[in-house]
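Subject: Structure handover

Hello,

Here is the structure we talked about. Please open it alongside this note; what I found follows below.

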Amino acid sequence: MADRDYYEILGVSRDASPDDLKKAYRRLALKFHPDRNPGDKASEAQFKEAAEAYAVLSDPGKRERYDRFGREGLGGQPGFTGFDQEVFGDFGDILGNLFGFGNIFGGGGRRGPRAGQDLRYDLELTFEQAASGIEAPIVIPRLDRCTTCRGTGADGKDGIKTCSTCRGRGQVAFQQGFFTIARTCGSCGGAGKRIVKPCPACAGQGRVQAESTLTVRVPPGVDDGMRLRVSGEGEASANGGPAGDLYVVLRVAPHPVFHREGAQLHCEVPVTFSQAALGTVVRVPLIGGGEEDLDIEAGTQSGTVLRLRGKGLPALDRNGRGDLHVTIRVETPRRVSAEQRELLQRLAELDGKETGERGIFERVKDIFN
Ligand SMILES: [Zn+2]
Ligand SMILES: [Zn+2]
């Protein structure tokens with residue numbers, strides 16, 4: 001029987017859609033389910049066979065290998081090696097509601113005490129604080145473990161008793177067909193313990209609402225939108241598990257002079273036309289204080305970018321700092337004095353005669369020819 005074709009087992013054609021497969025499996029599973037055929041070994045075998053066929057054909061990767069290579073294509077496993085989690089998962093999904101055992105396979109991932117909830121805190125930083133890093137004290141309202149009962153929720157040692165229904169295991173198991181079914185214990189809700197005398201400080205909750213102050217260390221060079229995870233500083237667990245985490249979301253204000261791209265810092269420095277033409281030295285402000293002299297060569301064009309190495313922001317992903325990129329902006333005077341006007345007019349006359357440069361129209365003609 002183990003060698004029967006999977007499509008044949010499910011009674012579908014080889015081009016059956018996933019929906020067809022599911023319907024066919026469901027029909028067979030209902031027909032041969034052990035609960036409907038107690039003690040019938042043949043039904044049980046057919047039930048397992050259908051589950052095996054469905055487990056393979058409902059997985060697109062496995063189905064393709066099976067179509068091409070048959071059973072040998074399925075990783076050399078000789079047929080079906082018992083009920084693996086995958087089959088159980090599908091099976092629970094399909095039959096769970098039908099037979100009313102939602103928790104048939106022992107609750108999956110919900111075993112054991114659950115961690116407390118994660119919390120989020122938005123921390124506002126100035127541009128300079130983000131550049132230099134800070135230690136910021138923050139106050140977060142959260143549920144903390146009750147210190148009176150140390151989180152047990154009980155008043156003293158006698159206030160808590162092991163659950164007699166599940167004997168502290170939190171689950172009760174019983175036999176149904178050939179399954180052993182584990183369910184969360186209804187008496188204690190899975191905790192394995194029952195509080196007979198609640199702690200007066202937290203009314204048996206094990207947690208109290210508190211405002212906690214902690215210091216968050218923000219490393220230098222952080223950027224807007226980054227998150228810091230502070231492990232274990234979220235909410236306390238409701239049933240003795242670990243606390244959640246605290247996520248500090250950084251909000252960095254823009255700067256009037258600098259803007260950044262990662263660790264690269266940018267700013268603009270205005271110079272006059274004569275400074276750009278003759279060359280000069282300008283003082284450039286640095287992030288975190290101080291200034292640096294920057295040489296502007298004679299003949300510098302507007303838009304020229306000069307780089308001050310290592311004067312950017314600390315790089316988070318490596319050692320060192322980015323650079324400061326200074327864009328030179330040549331400013332055209334908006335108002336001129338009578339004397340300036342005279343000089344500029346003289347300059348204009350000279351521009352025409354002495355520079356020897358060809359005018360714009362000449363150059364455009366060159367491009368088209
Ligand atoms: Zn308490
Ligand atoms: Zn119990």
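A point of naming comes before anything else: helices and strands here are DSSP runs, numbered from the N terminus, with at least four residues for a helix (H or I) and at least two for a strand (E). On that basis, Arg-150 lies in the loop between β2 and β3. Please keep in mind that this is a predicted model.

**Overall**

The protein has nine helices and 15 strands. Of its 369 residues, 34% are buried. Take the contacts between residues at least 6 apart in sequence: 64% of them join residues at least 24 apart.

**Zinc ion (ligand 1)**

Which residues hold this ion? The protein donors of the zinc ion (ligand 1) are Cys-146, Cys-149, Cys-199 and Cys-202. Each donates through SG, at 2.3 Å. Their spacing in sequence is C-x2-C-x49-C-x2-C. Cys-149 and Cys-202 link distant parts of the chain, 53 residues apart. Cys-149 sits in the loop between β2 (134-145) and β3 (160-162). Cys-202 sits in the loop between β6 (193-195) and β7 (207-218).

The geometry is tetrahedral because the angles among the four donor atoms run from 103 to 116°, and the criterion asks for all angles between 85 and 135 degrees.

Both of those loop cysteines are buried, the cut-off being under 20% relative accessible area. Cys-149 has 7%. Cys-202 has 6%.

**Two positive phi values**

Now look at Arg-150 and Ala-203. Most residues other than glycine have a negative phi. Arg-150 has a positive phi, near 55°. Ala-203 is not a glycine either, and its phi is positive at about 55°. Ala-203 lies in the loop between β6 and β7.

Are these two residues buried or exposed? Arg-150 counts as exposed because its relative accessibility is 64%, and exposed means over 50%. Ala-203 is exposed too, at 57%.

**Zinc ion (ligand 2)**

The zinc ion (ligand 2) has its own set of cysteine donors: Cys-163, Cys-166, Cys-185 and Cys-188, all through SG. The distances are 2.2 to 2.3 Å. Along the chain the donors follow C-x2-C-x18-C-x2-C. This site is tetrahedral, with angles of 103 to 116° among its four donor atoms. Cys-163 is buried, at 1% relative accessibility. Cys-166 is buried as well, with a relative accessible area of 1%.

**Nonpolar cores**

Nonpolar side chains tend to be buried together in soluble globular proteins. The largest nonpolar core here has 35 residues. Which of them touch the most other members? They are Val-284, Leu-324 and Val-326.

Val-284 has a long contact list once residues up to four places away in sequence are set aside. It touches Cys-267, Val-269, Gly-290, Glu-291, Glu-292, Leu-294, Leu-308, Leu-324 and Val-326. A second, separate core has 23 residues, including Tyr-6, Ala-24, Ala-53 and Val-56.

**Val-282 and Leu-30**

Val-282 is in strand β12 (residues 280-285). Val-282 is buried, at 9% relative accessibility. Beyond its neighbours within four places in sequence, Val-282 contacts Val-269, Val-271, Glu-292, Asp-293, Leu-294 and Ile-296. Pro-270 is twelve residues from Val-282 in sequence, and their C-alpha atoms are 9.2 Å apart.

Leu-30 is in helix α2 (residues 18-32). At 18% relative accessibility, Leu-30 counts as buried, since the limit is under 20%. Phe-47 is 17 residues from Leu-30 along the chain, with 8.7 Å between the C-alpha atoms.

**A pocket**

One pocket to look at is the second largest. Its volume is about 460 Å³. The lining has 16 residues. Nearest the centre of this pocket lie Thr-272, Phe-273, Ser-274, Pro-333 and Leu-344. Which elements supply at least two residues each to the lining? They include α7 (273-278), β15 (324-331) and α8 (338-354).

Over to you.

Best wishes

How values were computed: Residues numbered from 1 in each chain as written. Chains lettered and ligands numbered in written order. Predicted model: local features only at pLDDT ≥ 70, side-chain atom pairs only at ≥ 80, totals over all residues. Heavy atoms only, no water. Donors = N, O, S within 2.8 Å, 3.2 Å for Na, K, Ca; no water. Tetrahedral: all angles 85-135°; square planar, octahedral: opposite > 155°, others 65-115°. Buried < 20%, exposed > 50% of the residue type's maximum accessible area, 1.4 Å probe, protein only. Core = buried A, V, L, I, M, F, W, Y, C linked by side-chain atoms within 4.5 Å. Contact = heavy atoms within 4.5 Å. 1 Å grid on protein atoms, 1.4 Å probe; cavity = no way out; pocket = protein on both sides within 12 Å on 5 of 7 lines; lining within 4 Å. Points joined across faces, edges and corners; volume = space filled by probe spheres on them.
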